[in-house]
Amino acid sequence: MDWHQLWVITSTPDNVPIVALLFLVPFYVWYAFRQAFANDRLIEQLEASPEMAKTHHRKTQPYQSGWAKELPVWPFLLRMEFLAALIVTIVLFVWSITLNAPLEEPANASITMNPAKAPWYFLGLQEMLVYFDPWMAGVILPTLIVVGLMAIPYMDMNPLGNGYYTYKQRKFAIWTFCFGFIGLWVLMVVIGTFIRGPGWMWFWPGATWDHSRLIFEINRDLDQIVAGIFSSLGMLSVAEFFGNIWVRTVFGAIVTGLYFAVAGFAIHKLIVATEFNRKVYARMSMLQYLTLQVMLTFMLLLPVKIVLRLLFRIKYIWVTPWFNI
Amino acid sequence: MADENPNQSENKNPVGLMDRVKEEIKPFQQKLESDLAGLMQPQKTALYKSIFRVKHDETPRSRSLGVLSNVFLHLHPARVNRDAVRYGYTWGMGGITFYLFIVLTFTGVLLMFYYHPSKIVAFQDILYLEHDVPFGKLLRNMHRWGAHLMIITVWLHMFRVFLTGSYKKPREFNWVVGVLLLVLTMLLSFTGYLLPDDQLGFWAVTVGTNMARASPGLGHEGPFGPQLGMTPYNDVRFALLGGSIVDSNALLRAYIWHCIAIPIIASTFMIVHFWRVRKDGGISGPSPVGLAKEIKWDRLDER
């Protein structure tokens, strides 16, 4: 265990925001879900007794009859805003006095930084480069992330959960978003910061960043593995068949198509899992449904490729003369 | 009274000089006293009234007018949902993000006084800022950490808005504007990364813009790029960097994007974002919980 290495990584000034993120994200997840579960318990009570549903003010916040539903912005909101500005200013001053912004040597194109890392908030994209070619990781997937985020309100046809924390009423949406935001985006930023060392190699926390480390791992394409299986079975002519690029292209297209069919089917099963979900599904137009399917199947492609790459050493599942996936 | 001679009056009324002076300044003294008494109530002064236009007392009407007739506060409604004032619902993340944008604009303008976007002096300017400019180091630190903090608060703001379902009808479009602001925030930070012209920024931007050359159809290493005539000297990466490598043109372009173009674009979207918060009915909650069995499925689209 190389504690010094661990300290060097976590105390690098530019990594401090990610250390902060490690505490802030879990805290706010806990904070949000505590309120969501409180609301869910209230919803359960209200559903159980229609009498209560008629009279209750339907919030977990305290309420007494006679209280105004609204408060004057001055002073009740403005003092909160002033307090927030004050606290942020103090935090920023203390942070800026105690920790200096990094400044390396002057830019020099002939001396490569190793590891050369993007700013921390883009490390998710840089980490995706391990699993996809640059045109996918750097262009297509970021575009899909942005477009997919923008499309969320137009795909989510669930009328419940507008303006209050809840988990029970929006399970599918919340699982999907938390998986994408925490399970993929934040996790990959954390991996890119703390795990990836020189040569973008995987160093577990506490391992020394050895600049002369070499990894002899052979990443193979899926069709070559299939060809290998055929040849080990003695079917050499079939294996040779896979040497042809057009056979590989067609094979990859079939595998990729198969992935989208299976992933789409699984996602569909989730979309129509419950009675309530089926009602929401019935509200969706064909366009809404297909957009949702495209976004989610592409999102799932990332963890699938992470598993294939890290556990099975598979590089591409689809090789063509023009592009590889 | 012009013919009245001070010497003559002195002869007529043989009182002391001091008494006479006291007599003479009495009117001024009274004026001063009433002025000072007026300062105890600054709201009554003509200056105050000319600036704030409304009376400032404890009536609900004055409180509302105080917010609504103030150019800086008029983004607020006069009254808000009483539970929205609690920290738990919004976490204040949107407001903190905006406040950080103001802090960054302020520190950024001050930094611009000391920085030349030129390959020859950019790095030296940072050294000068760190070692010679009074509070220069604090200024740079605040700008950098404020930028990082802003990215975190933007993410958390988005997370909160999602978990409260605040993007749902009628706020769909404001979520779209918010996503664009998220992207602009990260681009603002990214373009600023190159400006110190050190190894960290240089290689981060090299890694970042290298992805652009892999753009399908638009980059010279992307799928179908070469087939469409893309070379290192005419593709989208060239347009971003103003050259085929990260050099002086890239520095100037990053500077202009960072200090002028993106702040203007982001400010425009921010105006729309805040305007829409109000127009879409104010902050989304905390609203009363809905129940599944109360939904009228056949009438949902009528709203």
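The following questions and answers concern the contact between chains A and B and the domains of chain A in a predicted model.

Local features need pLDDT of at least 70 and side-chain atom pairs count only at pLDDT 80 or more, while totals for chains, interfaces and linings use all residues. Residues are numbered from 1 along each chain as its sequence is written, and chains are lettered from A and ligands numbered from 1 in the order in which they are written.

Reader: Which helix gives the most to the side of chain B that touches chain A?
Author: Residues are in contact if their C-beta atoms, placed from the backbone, lie within 7 Å. The contact takes 85 residues from chain A and 88 residues from chain B. Elements are DSSP runs numbered from the N terminus, helices being H or I of at least four residues and strands E of at least two. With 17 residues, the most is given by α8(B).

Reader: How many nonpolar residues does the side of chain B that touches chain A hold?
Author: Ala, Val, Leu, Ile, Met, Phe, Trp, Tyr, Cys and Pro count as nonpolar, Asp, Glu, Lys and Arg as charged, and the others, Gly among them, as polar. On this side of chain B, 14 residues are charged and 23 polar. The nonpolar residues number 51.

Reader: Which residue of β1(B) stands opposite A:E70?
Author: Strands pair if DSSP finds at least two bridges between them. Strand β1 (residues 70-72) of chain A and β1(B) pair in the antiparallel sense over 3 bridges. Opposite A:E70 stands B:N81.

Reader: Why are α6(A) and α9(B) described as roughly parallel or roughly antiparallel?
Author: Axes are lines fitted to C-alpha atoms, for helices over the stretch in contact, with angles from 0 to 180 degrees between N-to-C directions. The axes of α6(A) and α9(B) come within 8 Å and cross at roughly 165 degrees. Angles over 145 degrees count as roughly antiparallel. The relation of α6(A) to α9(B) is therefore roughly antiparallel.

Reader: How many charged residues are in the contact of α6(A) with α9(B)?
Author: From α6(A), residues including A:V146, A:L149 and A:Y154 meet residues of α9(B), among them B:E172 and B:W175. By class, this contact has 10 nonpolar and no polar residues. The charged count is 1.

Reader: Which helix supplies the largest share of the side of domain 1 of chain A that touches domain 2 of chain A?
Author: An automatic or database assignment gives chain A domain 1 (1-69 + 119-213) and domain 2 (217-325). In their contact, 18 residues of domain 1 meet 20 residues of domain 2. The largest share of the domain 1 side, 7 residues, comes from α6(A).

Methods
Contact = placed C-beta atoms within 7 Å. Parallel < 35°, antiparallel > 145°, perpendicular 65-115°, else oblique.
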